[in-house]
Amino acid sequence: MKIKQIRTRLVEWRGKTVPLPPHFCTNPMDVLSLPQASMQTFTFHGWLVVEIFTDNGLVGIGNAALAPPITKQVIDQYLKPLVIGADPWDIEFLWQHMYRKTMAFGRKGIGMAAISAIDIALWDILGKSAKQPVYRLLGGRTKPRIPVYASRLYSVALEELAAEARRYKNDGYKAMKLRFGWGPTDGAEGMQRNVALVRTVREAVGDGIDVMADAYMGWTLDYAKRMLPLLEPFNLRWLEEPVIPDDIHGYAELKSCKKIPIAGGEHEFTLYGFRELIEARAVDYIQFDTNRVGGISQARKIAALAEAYSIPVIPHAGQMHFPPVEVEVGNELFWYIFEGEPKAKDGFIDLDENLPGLGLTINEEALKKFGVNE
Ligand SMILES: [Mg+2]
């Protein structure tokens, strides 16, 4: 089996989007106090759809949501020539080839998002070639169903937030994650507003539900250290991305406070990035994103490393935030573009053992609502 062609399509949402109110979600731009420093900076209304075609008629599907126009260029100009003509079963060699060839400018960020998209498409091909779901190539089922959490609960009016949290509980979720709305530039009053968000969700769902909270890189170490004691009474399962991803020492200091478990890693890349996080004792939970970290080939190595250190892995999936809603931040677009992803029911997803590969197809009909650039 040989790789014959690669197609990259940049798809950009042309439909309406829900405007994001101020303080919708803290983010790294907040500390700059720019008037436009809202969550708008971190919306993703485009997607890169990658298809790899083999000479025996298989098609592997991958995707990328980080800076899709540039990720497309990286694949088209740098990765495609390395991969065409190769045997997809040489997947580890291909990963190393892509990684080493782009070493000077790749490694993290867009370069690794591009490699991830190709790697995921290659795994899809391997599954289809073996007529097995990819999860079976990786070791198979370890539990009957996989627990998932509802990941939304942005910072909105408290009554609205409480209603949304109760809805997830009624839908059967045993865990849910909210976002903070205020950061270092909002002073002590903002801290109390953050506390009110957490209190609202905790009171809405009671003590029998795991509640997590995400600062999305929007805080500083000093601010986070002041927030920890205020948040401690609410028994958060974890505090996510309290500081920027490069502040590994900040993470480690927060973890050493032992007040709330610290989670991170959705903006970290490759086995080497996670080795640093782990060696620095920086996180209680690892949240790599397979679409960024280097694809399934890297994700499974990071999972193995985490296992050796007894650090739970609860992956980030930028591509499949639950539940599907109208287009706001942009993660929702995954549900518009692709079909076949398992849907959560009663707080779990179930994997289909009859779907070979990753089980995804592209909804070509839905793509008519997008601008498509090939
Ligand atoms: Mg997050």
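Biologist: Which parts of the chain make up domain 1 and domain 2?
Modeller: Domain 1 takes residues 3-136 + 363-373 and domain 2 takes residues 146-349, with bounds that come from an automatic or database domain assignment. The model is predicted, with local features needing pLDDT of at least 70 and side-chain atom pairs counting only at pLDDT 80 or more, while totals for chains, interfaces and linings use all residues. Residues are numbered from 1 along each chain as its sequence is written.

Biologist: How many residues does each domain give to the contact?
Modeller: Domain 1 gives 40 residues and domain 2 gives 40 residues, where contact means that the C-beta atoms of two residues, placed from the backbone, lie within 7 Å. The domain centres, taken over C-alpha atoms, are 22 Å apart.

Biologist: Which elements supply the side of domain 1 that touches domain 2?
Modeller: At least two residues each come from β1, β2, β3, α2 (91-101) and α3. The largest share, seven residues, is that of α3. Helices (H or I, at least four residues) and strands (E, at least two) are DSSP runs, numbered from the N terminus.

Biologist: What kinds of residue are found on that side of domain 1?
Modeller: There are 24 nonpolar, 11 polar and five charged residues. Ala, Val, Leu, Ile, Met, Phe, Trp, Tyr, Cys and Pro count as nonpolar, Asp, Glu, Lys and Arg as charged, and the others, Gly among them, as polar.

Biologist: What makes two strands of the open sheet count as a pair?
Modeller: DSSP must find at least two bridges between them. The sheet has four strands in the order β3-β2-β1-β14, and the pairing is antiparallel. Strand β1 (residues 3-13) and β2 share nine bridges, β2 and β3 share six, and β1 and β14 share four; each value meets the cut-off of at least two.

Biologist: Why are β3 (59-64) and β14 (370-373) called edge strands?
Modeller: Each of them pairs on one side only. Between neighbouring strands of this sheet, the turn averages 25 degrees, direction ignored.

Biologist: Which residues are bridge partners in β1 and β2?
Modeller: Leucine 10 has leucine 48 of β2 as its partner, and threonine 8 has valine 50 of β2. Towards β14, valine 11 stands opposite valine 372 and tryptophan 13 opposite phenylalanine 370. On the other pairing of β2, valine 49 is bridged to asparagine 63 in β3. The hairpin of β2 and β3 has four residues between the strands, with glycine 57 at a positive phi near 90 degrees.

Biologist: Why is α1 called oblique to α3?
Modeller: Helix α1 (residues 68-83) and helix α3 (residues 110-130) pack at about 55 degrees, with their axes 9 Å apart. Angles under 35 degrees count as roughly parallel, over 145 as roughly antiparallel, 65 to 115 as roughly perpendicular and the rest as oblique, so α1 is oblique to α3. The angle runs from 0 to 180 degrees between N-to-C directions, with axes fitted to C-alpha atoms, for helices over the stretch in contact.

Biologist: Which hand does the crossing of α1 and α3 have?
Modeller: The crossing is right-handed: the near helix is turned clockwise from the far one by less than a right angle, whereas anticlockwise would make it left-handed. The residues in contact include Val74 and Leu79 of α1 and Ala114 and Ile118 of α3. This contact divides into 11 nonpolar, two polar and no charged residues.

Biologist: Why are α7 and α8 described by a term other than oblique?
Modeller: The axes of helix α7 (residues 221-231) and helix α8 (residues 248-256) cross at roughly 15 degrees and come within 10 Å. The two helices are therefore roughly parallel to each other. Their crossing is right-handed. The contact is made by Leu221, Ala224, Lys225 and Leu228 of α7 with Gly250, Glu253 and Leu254 of α8, which divide into four nonpolar, one polar and two charged.

Biologist: Which strands of the sheet do α1 and α3 meet?
Modeller: α1 packs on the sheet and touches β1, β2 (46-54) and β3, its direction making about 180 degrees with that of β1. α3 lies across β2 and β3 and runs at about 155 degrees to β3.
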